[in-house]
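Here are a few short exercises to work through with the model open beside you. Each task comes with a solution that goes step by step.

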Amino acid sequence: MTAISLSTTDLALAALLILAMAGCSVLLQLHVGRKIIISATRLIIQLTLVGMVLKAVFEQNHFIWVGFIAMVMLLVAGWEMRARQKYKLAGWWGYGIGTLSIFISSFAVSAYGLICIIGADPWYEPRYAIPVLGMLLGNTMNGIALTVDRLTSAVWQQRSIIEQRLMLGQDSKTAIRAIARDSLRNGMIPIINAMAAAGIVSLPGMMTGQILAGAPPVEAVKYQIVIWLMIASGAGFGMMAALHFTAKRLFDERHRLRLDRIRATPG
Amino acid sequence: MSTLRLDSIRFLDWEPVSLEVEAGGKIGITGTSGSGKSLLLRAIADLDPHEGEAYLDDRARQSMPAPDWRRRVALLPSEAAWWYETVGEHFGGLDASCWEALGFGPETAKWTISRLSAGERQRLALLRMLEGQPEVLLLDEPTANLDVDSTNRVEALVSHYQTSTGAAVLWVSHDESQLRRTSEKVMRMEGRRLEAIQV
């Protein structure tokens, strides 16, 4: 059992839908029509390109290619993460710490899942490796971005409290503990919510995709469970690493709060 | 208790400050706002990067971890910060006589921070700092927001702490007459340098 193949006409029919919606927005002067058309066009071009790249990579089935794609995904994720923060570590630190944390968590957990759980042959078989890594990268990136953003903005806003704690002789770890805890919670909430609501409020995308492609529901569910457990733990590890490195960078060896190492983005 | 000695403490482009406050001694520093009085205290407490070294008797600041130094050489900022809901959570547990010395009672521990007046906050911040039994007090405008009665209580508590423990005090205030009243020696921060005032 395989999925019904979509023809060009089918795609055109879907495009008709978005054009109709954009047309409505113009008529009602809602000023979103242009944006919707642009982003829909981006979606079509980007996904078509990705489809072609993936087709080529799947045919090659070579470690170098998988590794190359993985590196590109990682670097973009790191960049994207930094771009979302209002208060950033100055210089290359923010990018470096974010990318390193994403790398440690999503690559290690993906490799563990591919080798020990899924057991594809070879373990880097692109049909498994790229989607798994993609899902982990996406969620880890979101989680780390939320966590670090909360940490740096809270430190910026509560600097007088942190310095007061330091003045009373607390070390930097103690002075920042409450904020770090709160930041980790902030990053974990979307993942906790998604896991708790999975199957009841929403059908997870990957499971839905597999069912559409003809997989038995129970098989699809098993994959989805494995993926979510990997995402939750990978994102958690990534957030802890990012918190640790960022908090370390916010203080120096004399336990001074170094706000001069943060840059506030205007707006 | 120990003597605080500053050896060429230098922050931003101010002239280096060398100074000695003996155990039990009190030096007042005055100057206009923006003259660098607070920056000097922050540098002594090692809160900002700067040059120079400070000593407690013969022990260099570098030779001990920064949190240890800050417990011994405690800074009271002009606006102290609070982070828990109630007053008591910020303290390790004080006996009643300490509360009373500043015009509070044991029930003060249950007060919520948002209910405190500026003056109460400042007096409680002083109490919180003294609880750690520091050897040197760096006081940054400790009575700037207080009425006469509260000011007298703060001055009395600092004197009492000093006579009973022999702590050294560096008192920063824009009010020169207060410093003349409370300190043995008054200095002025002006033109990026610290100078003794000739009396």
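**Exercise 1.** Find what Asp46(B) does with its backbone just after H1(B), then decide how enclosed that helix is.

*Solution.* Keep in mind that this is a predicted model. Start at Asp46(B), which follows directly on H1(B) and has a positive phi of about 65°. Next, step back into the helix, which covers residues 37-44 of chain B. Its buried residues are Lys37(B), Ser38(B), Leu40(B), Leu41(B), Arg42(B), Ala43(B) and Ile44(B). Because seven of the eight residues are buried, helix H1 of chain B is largely enclosed by the rest of the structure.

**Exercise 2.** Place Leu102(B) in chain B and classify its exposure.

*Solution.* First, locate the residue: Leu102(B) sits in the loop that links helix H3 (96-101) to helix H4 (118-131). Then count: Leu102(B) has 19 C-beta neighbours inside 10 Å. Buried would take 20 or more, so Leu102(B) is partly exposed. Now list its contacts, leaving out residues up to four places away in sequence: Arg123(B), Leu127(B), Arg153(B) and Leu157(B). Finally, try a distance: Ala81(B) is 21 residues from Leu102(B) along the chain, and their C-alpha atoms are 19 Å apart.

**Exercise 3.** Describe the contact between chains A and B, and check the confidence scores.

*Solution.* Begin with the contributions: chain A supplies 13 residues and chain B supplies 17 residues. On the chain A side, four are nonpolar, five polar and four charged. For confidence, the complex has an ipTM of 0.94 and a pTM of 0.88. Chain B has an average pLDDT of 92, with 98% of its residues scoring at least 70.

How values were computed: Residues numbered from 1 in each chain as written. Chains lettered and ligands numbered in written order. Predicted model: local features only at pLDDT ≥ 70, side-chain atom pairs only at ≥ 80, totals over all residues. Contact = placed C-beta atoms within 7 Å. Nonpolar A, V, L, I, M, F, W, Y, C, P; charged D, E, K, R; others polar. pLDDT = per-residue confidence, 0-100. Helix = DSSP H or I, 4+ residues; strand = E, 2+ residues; numbered from the N terminus. Buried ≥ 20, exposed ≤ 12 C-beta atoms within 10 Å, placed from the backbone.
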